[in-house]
Amino acid sequence: MQSPVVPDNERLRLDALRRLAILDSPAEERFDRITRMARNMFDVPIALVSLVDENRQWFKSCCGLPVLETPRDISFCGHAILGEELFVVEDAAQDPRFSDNPLVTGEPHIRFYAGHPLEVGNGLKLGTLCIIDSKPRGFSPRDQALLADLASMVESELQAVQRATIDELTGITNRRGFMLLAEKSLKYAFRVKHPAALLFLDLNHFKLINDKFGHDIGDDALRHMAELLCRVFRDADIFARLGGDEFVVLLPGTGSEHCQRIKERLNHAIDDFNSHSGKPYQLSCSLGIVIYDASIPPDLDQLLRQADEEMYVCKGLRS
């Protein structure tokens with residue numbers, strides 16, 4: 001069996017996928033309608049909207065299969081996201097890449113697979129719209145065009161999700177996306193009893209930047225602050241623009257003993273930007289940090305209020 005290789009842009013791909021805040025979300029008719037259409041159009045038993053996560057493929061829509069995910073290392077979709085075009089296996093039992101794959105030798109006994117990569121921008125393939133049959137079959141150019149049309153419908157729906165969870169100005173997660181992702185992360189932290197740190201950041205003198213240089217320069221400052229957050233924090237961290245000049249970061253698995261190092265790392269990144277950017281403004285921020293106590297059920301709204309209060313204490317000390 002040949003396991004799929006990891007794409008060169010895997011870090012960016014996973015970041016884009018997770019910022020959609022769609023993994024492990026409930027079924028939605030807008031996606032289920034497309035998989036039903038695909039199953040009926042091609043007369044196959046299985047049609048899926050599959051999203052390829054780090055170690056699994058998870059099915060946002062699953063028509064004809066009784067599971068919601070399978071391991072990535074045995075997935076056909078892991079292969080499909082590596083290319084630009086439709087990925088077709090007409091008889092998996094005769095294909096050396098898949099003939100001993102447990103999804104071929106056992107349930108659902110895949111013989112035919114056709115998967116069209118799903119892209120939502122920047123060439124990042126997040127998953128596929130795929131159809132599966134338990135018997136070998138061909139796939140004509142007309143069939144390929146029809147599946148591509150259905151895949152474009154899925155992409156349109158994913159782009160709608162993206163617009164709802166991504167901040168248009170900075171390109172990072174917005175308030176809605178943050179609340180969805182952070183709630184999931186805190187629930188997991190409570191279950192495994194791991195701490196988490198919540199950072200609330202407010203740009204200092206942002207109104208002055210706008211008044212002195214104009215709103216275009218103010219927008220530039222917000223974009224660069226977002227870029228700094230992308231560079232400073234880990235892939236597993238959840239950072240967002242809440243609105244205006246306010247940003248927030250949730251760091252899973254981070255306790256109070258790491259807070260000073262976090263502050264130093266962020267301040268160093270800001271100082272380095274100010275030294276080399278050549279911008280007419282200087283970035284600085286006030287920072288509030290609270291630690292989630294994983295022994296009690298999480299209350300994200302309360303944590304945000306506490307971090308906001310800590311930020312205002314910091315801002316008062318700086319003024």
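When I call a residue buried I mean under 20% relative accessible area, and when I call one exposed I mean over 50%, with partly exposed in between, using a 1.4 Å probe and protein chains only. What we have here is a predicted model, in which local features need pLDDT of at least 70 and side-chain atom pairs count only at pLDDT 80 or more, while totals for chains, interfaces and linings use all residues. Residues are numbered from 1 along each chain as its sequence is written, and side-chain values use heavy atoms, with hydrogens and water left out.

Let me start with helix H9, residues 259–276, where helices (H or I, at least four residues) and strands (E, at least two) are DSSP runs numbered from the N terminus. Its buried residues are Cys259, Ile262, Leu266, Ala269, Ile270, Phe273 and Asn274. Seen down the axis of H9, these fall within an arc of 135 degrees, so they line one face of the helix, the arc being that of the directions from the helix axis to the C-beta atoms. The face turned away from that buried side carries the exposed residues His268, Ser275 and His276.

Among the elements covering the buried residues of H9 is strand E9, residues 246–252, which takes us to the strands. Six of the seven residues of E9 are buried, so this strand is largely enclosed by the rest of the structure. E9 pairs with E7 in the antiparallel sense over seven bridges, where two strands pair if DSSP finds at least two bridges between them, and Leu201 stands opposite Phe247 in E9. E8, residues 238–243, also pairs with E9 in the antiparallel sense, over five bridges.

Note on methods. Contact = heavy atoms within 4.5 Å.
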